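Biologist: I'd like to learn how to read a structure feature by feature. Can you walk me through one?

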Amino acid sequence: MSTTKKIAGAVLAAALGVTTLSACGGDAEDKTAGAGDAPKSKTVTLVSHDSFNVTEAVLKEFEQQSGYTVKVLKAGDAGAALNQEILTKGSPRGDVFFGVDNTLLSRALDNGIFTPYEAKGLGEVKPEFQLDKEHRVTPIDSGDICVNYDKAYFADKKIAPPQTLDDLVKPEYKNLLVTENAATSSPGLGFLLATVGKYGDEGWKDYWSKLKANGVEVVDGWEQAYNERFSGSAGGIKAKGDRPLVVSYASSPPVEVLYAEPQPAEAPTGVATGTCFRQTEFAGLLKGAKNEEGGKALVDFLISKKFQEDMPLQMFVNPVTKDASLPELFTKHGVVVDKPENVAPETIAKNREQWVKAWTSLVVK
């Protein structure tokens, strides 16, 4: 399933395959190695899901300061990328893996694909994101999966938009919500986990029975839900989407403003802040990395203030460090989700497959 966006991947059309985000060429070697020493590689490889992005100038500054050339291997969605690293455990395709989130974290840790490393600057990372006390992974970003609503629809109908999960099963919102399949989509899974976090293992199935009776529509992925079925997005308007509620991200309204011509004074979409599940993405030094020192430097860079402040407009996620500021686009058009639903990674790992199977039988079949 796809990871946090994700929106950035869809909007920015990130290319598949190996991407060198640098003006430098292939692997450079340290020519100062002593006689008999193996040359030290000056290339450090980041394995990532397809939505990784960084401003070229920001990356070049790191390369100039560190002496390393960064190569990015984009390896599909988060689940597929992680599966490849598990299969190649001990002989990884790169030095650092970025993009494992809290829905997949326990699986990655249980398979032992990372070498512990306490990154420089870790003290600036907010404690609530530091889920691995052994420092096998380092928190890099966070984002909230939430129901978005079409402001114009609800204003025209003179209906208050929903704000909570409980609201979504009320009669006034019948046949209005589209969500992604929890078995094939990261936001779809995140929304399922929001209901598990809210209603518990005993209550989430009953909630989904009510949601199904209230006309929820399920589609395969985010692109179809947001850009085809949702009436509030630019893509949905073109596609004549008729669902004014969609499972997306808390960062979706700023994106609608950023890519509109001309940019509106107010985002056309809103966020139901009582429907959210928080995703956190991590990076880790891969066990068996050919360039371990370069990998450590790269992990340090990913939690540096420079990279953290670059992320929001590149990947449409939030920084996790205390010293990073959000761009005005986010502060003006985004929302703060004070109390997102959370489920412990080990609980997700233990129950994810049976939850998805039960959800599929209940909602899709």
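Modeller: We'll take a few features in turn, and keep in mind that this is a predicted model.

Biologist: Let's start with disulfides. How many disulfides does a search of the whole structure find?

Modeller: The general idea is to look for two cysteine sulfur atoms within 2.5 Å. Here the search turns up 1 disulfide. Cys146 and Cys276 form it, with sulfur atoms 2.1 Å apart. Cys146 sits in strand β8 (residues 138–150) and Cys276 in strand β12 (residues 269–286), so the pair ties together parts that are 130 residues apart in sequence.

Biologist: What is the handedness of the disulfide of Cys146 and Cys276? And are the two cysteines buried or exposed?

Modeller: For handedness, you read the torsion about the S-S bond: for Cys146 and Cys276 that's about 115°, so the disulfide is right-handed. As for the surroundings, Cys146 and Cys276 are both buried.

Biologist: β8 has come up already. Which strands does β8 pair with?

Modeller: Strand pairing is read from the bridges. β8 pairs with β12 in the antiparallel sense over 11 bridges, and Asn148 stands opposite Val271 in β12. With strand β11 (residues 245–249), β8 has an antiparallel pairing over 5 bridges; there, the bridge partner of Cys146 is Ser248. Strand β13 (residues 318–319) also pairs with β8 in the antiparallel sense, over 2 bridges, and Asp141 has Pro319 as its bridge partner in β13.

Biologist: How many residues of β8 are buried?

Modeller: 13 of the 13 residues are buried, so β8 is largely enclosed by the rest of the structure.

Biologist: On to charges. How many salt bridges does the structure hold?

Modeller: It holds 14 salt bridges. One of them joins the side chains of Asp144 and Arg278, at 2.7 Å from N to O. Asp144 lies in strand β8 and Arg278 in strand β12, so this pair ties together parts that are 134 residues apart in sequence. Asp144 is buried, as is Arg278.

Biologist: What about a salt bridge inside a helix, such as Lys60 and Glu56 in helix α2?

Modeller: There you look at the spacing along the chain. Lys60 and Glu56 both lie in helix α2 (residues 56–66), 4 residues apart, about one turn of the helix. Their side chains meet in a salt bridge at 3.8 Å, N to O. Lys60 is partly exposed, with a relative accessible area of 24%.

Biologist: Which residues are linked in a network of salt bridges?

Modeller: Glu217, Arg229, Asp242 and Arg243 are linked that way. Within it, Arg229 and Asp242 form a salt bridge whose closest N and O atoms are 2.7 Å apart.

Biologist: Now the backbone. Where should I look for unusual torsions?

Modeller: Check omega, then phi. The peptide bond from Glu261 to Pro262 is cis, with omega near -5°, and Pro262 lies in the loop between α9 (252–258) and β12. For phi, look for positive values: His135 has one of about 60° although it is not a glycine, and Phe316, also not a glycine, has one of about 55°. His135 lies in the loop between β7 (114–115) and β8, while Phe316 is found in the loop between α11 (305–315) and β13.

Biologist: Is Phe316 buried or exposed?

Modeller: Buried, at 1% relative accessibility.

Biologist: One last loop residue: what does the side chain of Asp167 do?

Modeller: Asp167 is in the loop between α5 (151–157) and β9 (177–180). A polar atom of the Asp167 side chain lies 2.9 Å from the backbone nitrogen of Gln163. At 13% relative accessibility, Asp167 counts as buried.

Terms used:
Residues numbered from 1 in each chain as written. Predicted model: local features only at pLDDT ≥ 70, side-chain atom pairs only at ≥ 80, totals over all residues. Heavy atoms only, no water. Buried < 20%, exposed > 50% of the residue type's maximum accessible area, 1.4 Å probe, protein only. Polar contact = N/O pair within 3.5 Å; in protein donor to acceptor, adjacent residues only side chain to side chain. Pairing = 2+ DSSP bridges. Salt bridge = Lys/Arg side-chain N within 4 Å of Asp/Glu carboxyl O.
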